[in-house]
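Please work through the exercises below with the sequence and the model at hand. Each task is followed by a solution in steps.

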Amino acid sequence: MHPPRIRKFVIPCLYIYAYNAAVMFQCLIFCHRYIIINALLLYIISSVYVPGGQAVRAVSSAAGLGGVGIFRDGEEMKIIIDAFGGDNAPSEIIKGAALALEEFPELEIILTGDAEKTAAEVEKYPQAKQRISIVHAPELISMDEPPVTAVKRKRHSSLVEGLELLKAGEGDAFITCGSTGATLSGALLRVGRIKGILRPALAPMLPNNNKGVLLIDCGANMDCKSANLVQFAMMGDIYMRKVIGVERPRVALANVGTESEKGNELTHEVFPILAADKNLNFVGNMEGRDVFTAADVIVSDGFAGNLLLKSIEGTAGYMTSLMKREFSSSLRSKLGAALLMPALKRFKKSMDYTEYGGAPLLGIDGVVLKGHGSSNAKALASAVRQAVRMVDGGVVDTIKQALTAQAEQSGNE
């Protein structure tokens, strides 16, 4: 038996010796010093600082992507879905609707599209079909059709029929993954703007390490006036408060510099108006490099906003392909990637558009959501959650109230 004092000294030494032997063995095999230890340490660090993906779950939950919505007292909510909008329609759209019905037991869904084909898909989900109704809409608006012409001519298309149902009060919200142009045109022509709103805006959520960032507008209005951007700021602020749960959203103006004198004629006009609005937490101009950290709402005209959105999508796609190439370039890289896989999956999830549902069309007199054209079942289910939050939060009514308050304030002045 060794004395206790010696054992206390020897045992740690044995652990250190075993560690060094393992490192030397790995170095001999892979000819790259400490690659395994470094990758393992990086994995441990990522696990400590992102425990169980808590930050990712926080984004999903706050963005209306987790948990059950609070339905209005005594009323069942009905969501209208364009069953034939998108690249993966109708199979993935109807599958997503079934997933949403599992999550929301009190929800009902109305599907618009070819009745026979839609019914055949619905039969695959016997537990959900009791709460699904179908409205026959045999026509289809393709992505390459002129939006206004298609909406006017194809009145029995799945998209137009859905908007007509929303206008008639047959449902509480409408979701489509079809043509963006046709959705914008149809919403304006069939549902109409909120009285007082000059132009509706398309507002997607951008992922970050918090609750996400709302970009408004991202392509609905290429040429804007200062009054349009002021309304965009107001609607974005309401959406983030009512749907995402940000108590006092930071509102920023997209610009080429942070100084107030930077930008073009439009930003020069808008800046002092937003700065003087006591109802907004306006934090000034925001450069493109600060998209994910500087604000909760980014206000822009549709032209610059679309460029910003597509640049982010392109960069994310390029970085993903670059990482895949590098991680598969050698045995050492593949082994390191295997150790980092949990952290990489969390990273991928935080950047996954399917977690964020669709882009709301704010300013329309009804809840309208535009999903990504390649949406799968998961993305459609997320869009339904988002629609539930918008209806529960009373986004449309709150915008109307804000406009009324602004009109009264202007009258008093």
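The exercises that follow move from the whole chain to single helices, loops and residues.

This is a predicted model, in which local features need pLDDT of at least 70, side-chain atom pairs count only at pLDDT 80 or more, and totals for chains, interfaces and linings use all residues. Residues are numbered from 1 along each chain as its sequence is written, and side-chain values use heavy atoms, with hydrogens and water left out.

**Exercise 1. The whole chain**

Task: State how many helices and strands the protein has, and what percentage of its residues count as buried.

Solution:
- Step 1. The protein contains 14 helices and 12 strands. Helices (H or I, at least four residues) and strands (E, at least two) are DSSP runs, numbered from the N terminus.
- Step 2. Of its 413 residues, 46% count as buried. Buried means under 20% relative accessible area, exposed over 50%, and partly exposed in between, with a 1.4 Å probe and protein chains only.
- Step 3. Among contacts between residues at least 6 apart in sequence, 72% join residues at least 24 apart. Contact means heavy atoms within 4.5 Å.

**Exercise 2. A pair of helices**

Task: Describe how the axes of helix H9 and helix H13 are placed, and which residues make the contact.

Solution:
- Step 1. Two packed helices are described by the angle between their axes and the distance between the axes.
- Step 2. The axes of H9 (residues 226–244) and H13 (residues 377–393) come within 8 Å and cross at roughly 105 degrees. Axes are lines fitted to C-alpha atoms, for helices over the stretch in contact, and angles run from 0 to 180 degrees between N-to-C directions.
- Step 3. H9 and H13 are therefore roughly perpendicular to each other. Angles under 35 degrees count as roughly parallel, over 145 as roughly antiparallel, 65 to 115 as roughly perpendicular and the rest as oblique.
- Step 4. H9 contributes Tyr239, Lys242 and Val243 to the contact, while H13 contributes Gln386, Arg389, Met390 and Gly393.
- Step 5. By class, this contact has three nonpolar, two polar and two charged residues. Here Ala, Val, Leu, Ile, Met, Phe, Trp, Tyr, Cys and Pro count as nonpolar, Asp, Glu, Lys and Arg as charged, and the others, Gly among them, as polar.

**Exercise 3. The faces of helix H10**

Task: Identify which residues of H10 are buried and what they pack against.

Solution:
- Step 1. In H10 (residues 265–276), the buried residues are Leu266, Thr267, Val270, Phe271 and Leu274.
- Step 2. Seen down the axis of H10, these buried residues fall within an arc of 125 degrees, so they line one face of the helix. The arc is that of the directions from the helix axis to the C-beta atoms.
- Step 3. Glu265 and Ala276, on the other side of H10, are exposed.
- Step 4. The buried residues of H10 pack against H9, strand S8 (250–254) and strand S9 (281–286).
- Step 5. At the N-terminal end, asparagine 264 caps H10, with a side-chain oxygen 3.2 Å from the backbone nitrogen of leucine 266.

**Exercise 4. Phenylalanine 232 and its surroundings**

Task: Determine whether phenylalanine 232 is buried or exposed, and follow its contacts.

Solution:
- Step 1. Phenylalanine 232 is located in helix H9, and at 0% relative accessibility it counts as buried.
- Step 2. Not counting residues up to four places away in sequence, phenylalanine 232 touches several residues, including Ile216, Asp217, Val299 and Ser300.
- Step 3. Aspartate 217 is 15 residues from phenylalanine 232 in sequence and 7.2 Å from it in space, C-alpha to C-alpha.
- Step 4. Aspartate 217 belongs to the loop between S7 and H9, and a cis peptide bond with omega of about 10 degrees joins isoleucine 216 to aspartate 217. Most peptide bonds are trans.
- Step 5. Serine 300 sits in the loop between strand S10 (297–299) and helix H11 (302–327). Serine 300 is buried, with a relative accessible area of 3%.

**Exercise 5. A side chain within a loop**

Task: Find which backbone nitrogen atoms lie 2.9 Å and 2.8 Å from the side chain of asparagine 208.

Solution:
- Step 1. Asparagine 208 is in the loop between strand S6 (205–206) and strand S7 (213–216), and counts as buried at 13% relative accessibility.
- Step 2. A polar atom of its side chain lies 2.9 Å from the backbone nitrogen of asparagine 210.
- Step 3. The backbone nitrogen of glycine 212 lies 2.8 Å from a polar atom of the asparagine 208 side chain.

Terms used. Polar contact = N/O pair within 3.5 Å; in protein donor to acceptor, adjacent residues only side chain to side chain.
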